[in-house]
Amino acid sequence: MASRPAPAPGLPAGQAPAGGLTPPASARPGEPPSVHHALLCVALPALAVSPDHGQLTGHGLEGVYASGRRLLARSVLRVAGREPLALQGRQASADRAVFLSAVRTAGDIGPDPGLSVERSRDADGTERITLRSSVGRPLRLPVEIALGTDLADLGAVAAGRAGPEIAASVHGTGMRWTAGDGRYSAVSADPPPTDALAAAGLLRWEFELAPGASRTIELRVRGDRTPRTSAAVGPGTGAGTARPGGAVFAEARAEGDDPRIGELLRVAVDDLRALLQRDPEHPADVHLAGGVPWRCGPAGAEALWAARMALPLGTRLAVTTLRALARTQLDGPGPASGRIPGPLRDAGPFLPPRCTGIEATLAFPTVLAEARRWGLPEQDLAELLPTAERCLQWLRVASDPQGFVPDPGPAGPWRAETQAHAHRAALLGADLLDGCGRPGGEEWRDWARALRERFGAVFWLDDRSGGRPAAALAPGGRPWTQLGGWAAHLLDTGLLGGGRYAPGLLDKASTEQLARLLGTPALDSGWGLRSLGAKEPGHNPFGHRAGAVRVHETAVAVAGLAAAGYEKEAGSLLKGTVDAAEAFSYRLPEMYGGGLRTAGAIPVPHPTACRPAAVAAAGAVHLVTALVGIRPDAPGGTVALQPVRSAPLGAVRLSGARVAGEAFAARVSRLGLGMVEEAAAGLQLGV
């Protein structure tokens, strides 16, 4: 176990941070520290990680980051010689947190403190510290803030290799730190401090507060990588933080008998805005980071699935994500031509890693086809169609003589989830080709039909309880029989024209059996869908592919079950996820513990889950869309409503969505009857 760092200036030895809370011991080197209890302010590439008491002590991941570098690790406030008593820390928005504390002054009578302190911290490190006096006499208050940083990369901080603090120098109205390679960060203060001590990184003020008066200190953090403020700033943006989200996402709102649905969607959209990243070589294009704090890399399969689930908020994110992936598509001769590259991803305790590049390649035609149904502009469709055609060409070459797609390589294994992605790509690709006047649509429908027949014969395992799908086939045909959340993808068939869903890999009887299995306590934890059933060998409630609840898979299951008519199972998973969201203050993590729900319990966080996470936030949008049952067909000039008839959350109204490029609103009654309230001119209500 790594030893605890020596106390930093401003935090004397033996003294706990504000509120009497002792920070957790550092993680072992190479082991990411838990951030579940931290407040994460996100407006990528800016990130601020704060404990709930608000004091940045430099422990763990605490600090202000820009483009993955820690610009500020320590910011410890003392008023009248003591740290304020922490009372509350809360997330005000995706990019801002607020911390409330109190200070007892020497003349306070009784237990009531006379001085309150509010700290508001933005993702870019801008902080406003306001002291308010309720004392009936003038106060003379010495205030000091101890600052420090190591300018370490996030990866080094997470691995416990941040290194020592860098010596500070007085700079302007604050402090500056410069690394040996010339990189720097600086903090400026307004009003300027009355004194600054570089050796301790200390800024000092002397304030006089009249009864009922307040004083505010504003700190601003800047480094050599700090992005410039953009004109495309979204709602809720902190000062100086570049946010493209306002131009990407519609201002969708939900309301209903259960007010939680509104909070779930509000926080989800806010988090999606916060996770947007610009392509540095193509700054007009944005994509979603996988999640904070661990996955902020280039666009991949996860970003594409999130863009798909966020289509009700507009098609621009889908366009720019598809464009980013199109630029990486492999060309030239050989079997890899047309594939989108991507890293391997852990697939759980039984299967070897899977290829996210294969997943992205199969998702590309699906997302493009569905974006067209939601109202993708023709010029964007024309630009991206050739890439989708090359993805389909790769699929034809990559499939084996039986028509199955091996993953990650020709030697297998052959995963059921990958076959579902391939089947969906073929059918929606055929729809795309037909709609764009391109040849080959009927051939792809024939290919998908043959895959359905072979899948039913090879992957479906009959038994006395009704059977189950195999998770995968090993070389030689041996099945992996473990059932988990992956099976939800077998119900995700894809949207066609006229509000119809494409046929799935499973026949009606197998679909009914799978729906029954997904609704059993072995898979439905009461908080969502387990990634591996509780009765399966190797089950681990914290295993991300071995038993934890993954929000993305749960959302896919809810939508697929509802579309297939299995509303009881869909409603149970939906309500469990909304209950979990409430426990997480509506900022759903990518996954959480898959233990069985019991009376009075709350969901258990996963120690290293990203929160916010793109697929979790987009999954919340997907849940609301499935509940209302929006099935658009912009090219056909129609939109259908097929809501969940059982109305598991009572009446609900969704407004501010986008269909055919215009605002869309719909209402579902307590009886499960849907009604369109606002739509683009000329858009007809389908069946």
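# Exercises on strands, helices and buried residues

β13 and β14 make a hairpin with five residues between the strands, and Gly-182 in its turn has a positive phi of about 95°. The model is predicted. The exercises start from this hairpin.

## Exercise 1: Two hairpins

Describe how β13 pairs with β12 and with β14.

**Solution.**
Step 1. Take β12 (residues 168–171) and β13 (residues 174–178). They pair in the antiparallel sense over four bridges. Val-170 stands opposite Met-175 in β13.

Step 2. Inspect the turn. Two residues lie between β12 and β13 in this hairpin. Gly-172 in the turn has a positive phi of about 60°.

Step 3. Move on to β14 (residues 184–190). β13 and β14 are antiparallel, with five bridges. Thr-178 has Tyr-184 in β14 as its bridge partner.

Step 4. Return to the second turn. Gly-182 sits there, with its positive phi of about 95°.

## Exercise 2: The sheet that starts at β1

Find which strands stand at the edges of the sheet β1-β2-β4-β5, and say why one side of each is left without a neighbour.

**Solution.**
Step 1. Write down the order. The sheet is open, has four strands and runs β1-β2-β4-β5 with antiparallel pairing.

Step 2. Read off the edges. β1 (39–43) and β5 (69–72) each have a single partner strand, so one side of each has no neighbour in the sheet.

Step 3. Add the twist. Neighbouring strands are turned by 25° against each other on average, direction ignored.

Step 4. Check one pair. β4 (residues 63–66) and β5 run antiparallel and are joined by three bridges. Ala-66 has Arg-69 in β5 as its bridge partner.

## Exercise 3: A sheet with a helix on it

Determine which helix packs on the sheet β18-β32-β33-β34, and which strands the helix touches.

**Solution.**
Step 1. Set out the sheet. It is open, with four strands in the order β18-β32-β33-β34 and antiparallel pairing.

Step 2. Mark the edges. β18 (253–256) and β34 (674–678) each pair on one side only. The twist averages 25° from one strand to the next.

Step 3. Look at one pair. β33 (residues 662–668) and β34 run antiparallel, joined by four bridges. Arg-667 stands opposite Met-675 in β34.

Step 4. Place the helix. α3 (residues 260–274) packs on this sheet and touches β18 and β32 (652–659). The direction of α3 makes about 170° with that of β18.

## Exercise 4: Two helix pairs

Classify the packing of α6 with α8, then that of α11 with α12.

**Solution.**
Step 1. Collect angle and distance, since two packed helices are described by the angle between their axes and the distance between the axes.

Step 2. Begin with α6 (residues 356–374) and α8 (residues 416–435). Their axes come within 8 Å and cross at roughly 40°. Angles under 35 degrees count as roughly parallel. α6 and α8 are therefore oblique to each other.

Step 3. Give the hand and the contact. The α6 and α8 crossing is left-handed. Among the contact residues are Leu-362, Pro-365 and Leu-368 of α6, and Ala-425, Leu-428 and Leu-432 of α8. By class, this contact has nine nonpolar, five polar and six charged residues.

Step 4. Turn to α11 (residues 551–564) and α12 (residues 567–583). Their axes are 8 Å apart, and the helices pack at about 150°. Over 145 degrees counts as roughly antiparallel, so α11 is roughly antiparallel to α12.

Step 5. Finish this pair. α11 passes α12 in a left-handed crossing. Thr-554, Ala-557, Val-558, Leu-561 and Ala-562 in α11 meet Glu-569, Ala-570, Leu-573, Leu-574 and Thr-577 in α12. The classes are seven nonpolar, two polar and one charged.

## Exercise 5: Buried or exposed?

Decide whether Leu-154 is buried or exposed, then do likewise for Ala-363.

**Solution.**
Step 1. Locate Leu-154. It lies in helix α1 (residues 154–158).

Step 2. Apply the cut-off. Buried means under 20% relative accessible area. Leu-154 has 16%, so it is buried.

Step 3. List its contacts. Leaving out residues up to four places away in sequence, Leu-154 touches Leu-61, Tyr-65, Gly-68 and Pro-293.

Step 4. Repeat for Ala-363. This residue is in helix α6. Its relative accessibility is 1%, so Ala-363 counts as buried. With the same sequence exclusion, Ala-363 touches Leu-304 and Trp-305.

Step 5. Add a distance. Ala-363 and Ala-388 are 25 residues apart along the chain. Their C-alpha atoms are separated by 9.4 Å.

Terms used
Residues are numbered from 1 along each chain as its sequence is written. This is a predicted model: local features need pLDDT of at least 70, side-chain atom pairs count only at pLDDT 80 or more; totals for chains, interfaces and linings use all residues. Side-chain values use heavy atoms; hydrogens and water are left out. Two strands pair if DSSP finds at least two bridges between them. Axes are lines fitted to C-alpha atoms, for helices over the stretch in contact, and angles run from 0 to 180 degrees between N-to-C directions. Angles under 35 degrees count as roughly parallel, over 145 as roughly antiparallel, 65 to 115 as roughly perpendicular and the rest as oblique. A crossing is left-handed if the near helix is turned anticlockwise from the far one by less than a right angle, and right-handed if clockwise. Contact means heavy atoms within 4.5 Å. Ala, Val, Leu, Ile, Met, Phe, Trp, Tyr, Cys and Pro count as nonpolar, Asp, Glu, Lys and Arg as charged, and the others, Gly among them, as polar. Buried means under 20% relative accessible area, exposed over 50%, partly exposed in between (1.4 Å probe, protein chains only).
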